[in-house]
Amino acid sequence: MAKEAPACHVRRREDRDLDACVELLAEVHERDGYPENWPERPGDWLSPPALSAAWVAELDGRIIGHVGLSEGGAGDRAPALWSHRAGEPVEKAVVISRLFASPAVRGRGVGALLMERATCEARRRGLHPVLDVLISDTSAVALYGRLGWTLLATVDHRWSPTETVTVHCYAAPAAP
């Protein structure tokens with residue numbers, strides 16, 4: 001279980017947080033290239049129709065991280081892979097997405113805290129958390145490994161008629 005830094009607080013994202021989340025996302029995109037393709041409407045990208053919950057991490061009153069929990073969609077490969085492996089209906093999977101943290105606080109456990117919050121909520125709902133991540137997102141891949149997530153497969157995924165990407169598909173460890 002992740003430990004929260006004394007001044008760091010994770011809470012549900014509110015509508016009033018969206019502008020600050022977009023600003024932070026722009027900072028992350030500039031530094032790390034996440035998301036790989038900058039969305040035309042970043043606020044909408046952070047709030048897709050399938051989003052069921054989102055959280056932010058705050059430090060000294062400033063948003064320093066974000067994570068979402070969504071129903072799986074056509075673009076998500078991990079739910080079906082987990083379903084096949086676990087012998088469970090695909091509807092029992094839920095996708096952790098839109099995870100990012102300020103470059104200024106990397107290594108302080110913010111990503112792990114956000115993952116823990118989303119994972120706990122998924123389990124509270126009786127769902128199993130899964131996710132897809134670009135293989136080029138090496139810091140995210142390292143985080144999921146440290147947290148004990150299982151690599152289900154590495155697959156090519158067509159984002160558009162002209163763009164194919166390779167993603168790692170992960171499932172959370174079994175509930176304790």
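In this talk I will go through the aromatic pairs, the cysteines and the largest pocket of this structure, which is a predicted model.

Let me begin with the aromatic rings. The structure holds three aromatic pairs, and one of them joins Y34 and W45 in an edge-to-face arrangement, with 5.9 Å from centre to centre and 65° between the planes. If you look for these two residues along the chain, you will find Y34 in the loop between α1, which covers 18-32, and α2, which covers 42-45, while W45 belongs to helix α2 itself, so that the pair links distant parts of the chain, eleven residues apart. W45 counts as buried, because its relative accessibility is 19% and the cut-off for buried is under 20%. W45 also has a charged neighbour, since the charged end of R98 sits over its ring, 3.9 Å from the ring centre.

A second pair is made by Y144 and W149, and here the rings are tilted, at 6.1 Å centre to centre and with 45° between the planes. Both partners are buried, Y144 with a relative accessible area of 6% and W149 with a relative accessibility of 8%. Together with Y170, these two residues form one aromatic cluster.

Now let us turn to the cysteines. How many disulfides does a search of the whole structure find? The search finds zero. A disulfide, as a reminder, is a covalent bond between the sulfur atoms of two cysteines. For C8 we can say why there is none: the closest cysteine sulfur belongs to C21 and lies 13 Å away, which is too far for a bond, given that the two sulfur atoms would have to be within 2.5 Å. C8 is buried at 6% relative accessibility, and C169 is buried as well, at 0%.

Finally, I would like to show you the largest pocket, which has a volume of about 1,300 Å³. It is lined by 44 residues, and the closest to its centre are Y34, L99, D132, V133 and D137; Y34, you may recall, is the residue that pairs with W45. Which elements give two or more residues to this lining? They are α1, β4 (93-101), α4 (110-124), β5 (128-134), α5 (138-146) and β6 (150-160). The largest share, seven residues, comes from β4. Sorted by class, the lining has 22 nonpolar residues, eleven polar ones and eleven charged ones.

Definitions and conventions
Residues are numbered from 1 along each chain as its sequence is written. This is a predicted model: local features need pLDDT of at least 70, side-chain atom pairs count only at pLDDT 80 or more; totals for chains, interfaces and linings use all residues. Side-chain values use heavy atoms; hydrogens and water are left out. Rings of Phe, Tyr and Trp (its six-membered ring) pair if their centres lie within 6.5 Å; planes under 30 degrees apart count as stacked, over 60 as edge-to-face and the rest as tilted. Helices (H or I, at least four residues) and strands (E, at least two) are DSSP runs, numbered from the N terminus. Buried means under 20% relative accessible area, exposed over 50%, partly exposed in between (1.4 Å probe, protein chains only). A charge sits over a ring if NZ of Lys or CZ of Arg is within 6 Å of the ring centre and within 35 degrees of the ring normal. On a 1 Å grid over the protein atoms alone, a cavity is a set of points where a 1.4 Å probe fits but cannot get out, and a pocket is an open set with protein on both sides within 12 Å along at least five of seven lines; lining residues have an atom within 4 Å of a point. Grid points are joined across faces, edges and corners, and a volume is the space filled by probe spheres set on the points. Ala, Val, Leu, Ile, Met, Phe, Trp, Tyr, Cys and Pro count as nonpolar, Asp, Glu, Lys and Arg as charged, and the others, Gly among them, as polar.
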